[in-house]
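The following exercises practise the reading of a protein model. Please attempt each task before turning to its solution.

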Amino acid sequence: MSKSKCPVMTTSAGNPVADNQNSLTAGARGPALMQDVHLIEKLAHQNRERIPERVVHAKGWGAYGTLKITEDISKYTKAKVLQKGAETPMIIRFSTVAGEQGAADAERDVRGFAMKFYTEEGNWDLVGNNTPVFFIRDPLKFPDFIRTQKRHPKTNLRSNTAMWDFWSLSPESLHQVTILMSDRGLPQAPMYMNGYGSHTYSFINEQGERHWVKFHFKTQQGHKFHTNAEANEIIGNTRESYQEALFGTIEEGNYPKWTMQVQVMSEAEAEKTSYDPFDLTKVWPHGEFPPITIGEFELNRNAENYFAEIEQVAFSPSNFVPGIGPSPDKMLQGRIFSYADAHRYRLGTHYEALPVNAPKCPVHHYHKDGAMRFFEPKTGNVDAYYEPNSFGGAEQAPEYAEPALALSGDADRYNHREGNDDYTQAGDLFRLFDDEQKQRLFSNIAAAMCGVPDFIVERQLGHFEKADPAYAEGVKAAIDARAKEMLAAAE
Ligand code: NDP
């Protein structure tokens, strides 16, 4: 019997452990015995402490919070989570895209902004970024794009050449590249950036009418960014600046908040826009589709266990609730498949049953066995293990059917670059920047182009030129200035 008041240490099977300091050996000098099951269990567990890290968005920081809806948008959606007065618990995970799990936080990169709302109608996941657009508009390009952000197969180093080669060959990336290289490409911490659902989604109201919608989450802490030089200094001191800032502010009781807004477009309006409203490389201009404030969320609780909660939390754009649905956005359609697939691989078949992912409402499905099936079948009756059945098992509920979506067109591989204006919105953003913002944009691009062959730089300058001649001129001047500086430093 343990003499202290602490609980008795056990093996994972619950057997008491008498000695956690000394292995079981034949004599003081050994050898060790295989019957030291405690030793074997400890070593075996350590070998299994890692799971595959996410291929993208591996480095992350998260917390729990509450979404509160303050305005009435029932004319657009019947989703209970979005009705005026609704309060819904949530978890959020922010992340960088390219860096591995041990990467430094203060790196220039797009930030993931993934939210899971535990609603009474099941989990609604909004898996966005801190940018309203993305580098590509066709999911077929995603694995290639990510290759260019990750390590070169031979050098095992990140490659500026690969990044700019791909971007310059994919003009649809220009809008997102402009955001990435601007101040918003390097926020000081998760509290100081906006979140965007990015894709176009759909709202369905009680009458079965559909509208298209974009989601925005505006930081109430204000935008704060680092320059490249500041970030280098920070990384020299700590690689975990985001974790420290987010965890710390919540521990101190300074809960960060974001205002939730939606932009709504009718199906008829979607036929008339000069741009494709389902194209992930485009925004809906605020002047045409004004953001409507509908509520806010606050982050107010840290996880107790980083791995169990923040690493194992699994977001998927396939998790919808009645009243919120997908759109034709090709990238969204691709992600609807690939996120859930990634989690089945990374966490296992029953990842949705892990406590952090489990819905807070009743769950009745007929999926059966598989690795780590640790939960009870909840079909209502042990004899109801298939469907349809005569034993009171869960049944479909036709009242949740979405209105039919009219689809038309010949199945073909349509050239997504043909007839698409990749330059106007990137130019609009550039023209929003003041002179200092423009100068930082130019020098960030010049730094990121270090070592890139001239023909690729020239090709990319051609894209900047089409967005705005002053954009190309500024980048060119920054490249020349940087070259002179490096020459002077080498002399
Ligand atoms: P508006 O002038 O009506 O909107 C400008 C929006 O641009 C602002 O509301 C703000 O978005 C965002 N913005 C302002 N400064 C910066 C900055 N330094 N870096 C990044 N974004 C900034 O014009 P439009 O709606 O026509 O948009 C013009 C350009 O603004 C777009 O081409 C796009 O690049 C960018 N933008 C547009 C958004 C949209 O949904 N329409 C959203 C974000 C950026 P926010 O309020 O979200 O901070």
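**Exercise 1. Two residues with positive phi**

At 13% relative accessibility, His57 counts as buried, where buried means under 20% relative accessible area, exposed over 50% and partly exposed in between (1.4 Å probe, protein chains only). The model is predicted, and local features need pLDDT of at least 70, side-chain atom pairs count only at pLDDT 80 or more, while totals for chains, interfaces and linings use all residues. Residues are numbered from 1 along each chain as its sequence is written, and side-chain values use heavy atoms, with hydrogens and water left out.

Task: State where His57 lies, and describe Ser198 in the corresponding terms.

Solution.
Step 1. His57 lies in the loop between H1 and strand S1 (60-69); helices (H or I, at least four residues) and strands (E, at least two) are DSSP runs, numbered from the N terminus.
Step 2. The phi angle of His57 is positive, at about 65 degrees, although His57 is not a glycine.
Step 3. Ser198 is not a glycine either, yet has a positive phi of about 65 degrees.
Step 4. The loop between strand S5 (195-196) and strand S6 (201-204) holds Ser198. With a relative accessible area of 7%, Ser198 is buried.

**Exercise 2. Cis peptide bonds**

Task: Locate the proline that follows Gly30 in a cis peptide bond, and the one that follows Glu387.

Solution.
Step 1. Gly30 and Pro31 are joined by a cis peptide bond with omega of about 5 degrees. Pro31 belongs to the segment before helix H1 (37-47).
Step 2. Glu387 and Pro388 are joined by a cis peptide bond, with omega of about 5 degrees. Pro388 is in the loop between helix H9 (330-346) and H10.

**Exercise 3. The largest nonpolar core**

Task: Determine how many residues the largest nonpolar core has, and explain where this core lies with respect to the domains.

Solution.
Step 1. A nonpolar core is a set of buried Ala, Val, Leu, Ile, Met, Phe, Trp, Tyr and Cys residues joined through side-chain atoms within 4.5 Å. The largest has 41 residues, and those with the most contacts inside it include Phe135, Trp164, Ile445 and Tyr471.
Step 2. At least two residues of this core come from each of several helices, among them helix H3 (160-169), helix H11 (435-448) and helix H13 (469-490).
Step 3. Domain 2 (60-347) and domain 4 (424-490) both contribute residues, so the core lies between them; the domain bounds come from an automatic or database domain assignment.
Step 4. In soluble globular proteins, nonpolar side chains tend to be buried together.
Step 5. Trp164 touches residues including Val177, Met181, Ile445 and Phe464, not counting residues up to four places away in sequence; contact means heavy atoms within 4.5 Å.
Step 6. For the two domains, 24 residues of domain 2 are in contact with 23 residues of domain 4. Their centres, taken over C-alpha atoms, are separated by 27 Å.

**Exercise 4. Two helices in contact**

Task: Describe how H2 and H3 cross, and classify the residues of their contact.

Solution.
Step 1. The axes of H2 and H3 come within 7 Å and cross at roughly 145 degrees. Axes are lines fitted to C-alpha atoms, for helices over the stretch in contact, and angles run from 0 to 180 degrees between N-to-C directions.
Step 2. H2 contributes Asp144, Phe145, Thr148 and Gln149 to the contact, and H3 contributes Ala162, Met163, Phe166 and Trp167.
Step 3. By class, the contact has 5 nonpolar, 2 polar and 1 charged residues. Here Ala, Val, Leu, Ile, Met, Phe, Trp, Tyr, Cys and Pro count as nonpolar, Asp, Glu, Lys and Arg as charged, and the others, Gly among them, as polar.

**Exercise 5. An aromatic pair**

Task: Find the geometry of the aromatic pair formed by Phe430 and Tyr471.

Solution.
Step 1. Rings of Phe, Tyr and Trp (its six-membered ring) pair if their centres lie within 6.5 Å; planes under 30 degrees apart count as stacked, over 60 as edge-to-face and the rest as tilted. By this rule the count comes to 28 aromatic pairs.
Step 2. Phe430 and Tyr471 are 4.8 Å apart centre to centre, with 5 degrees between the planes, and the pair is stacked.
Step 3. This pair links distant parts of the chain, with Phe430 in helix H10 and Tyr471 in helix H13, 41 residues apart.
Step 4. Both Phe430 and Tyr471 are buried.
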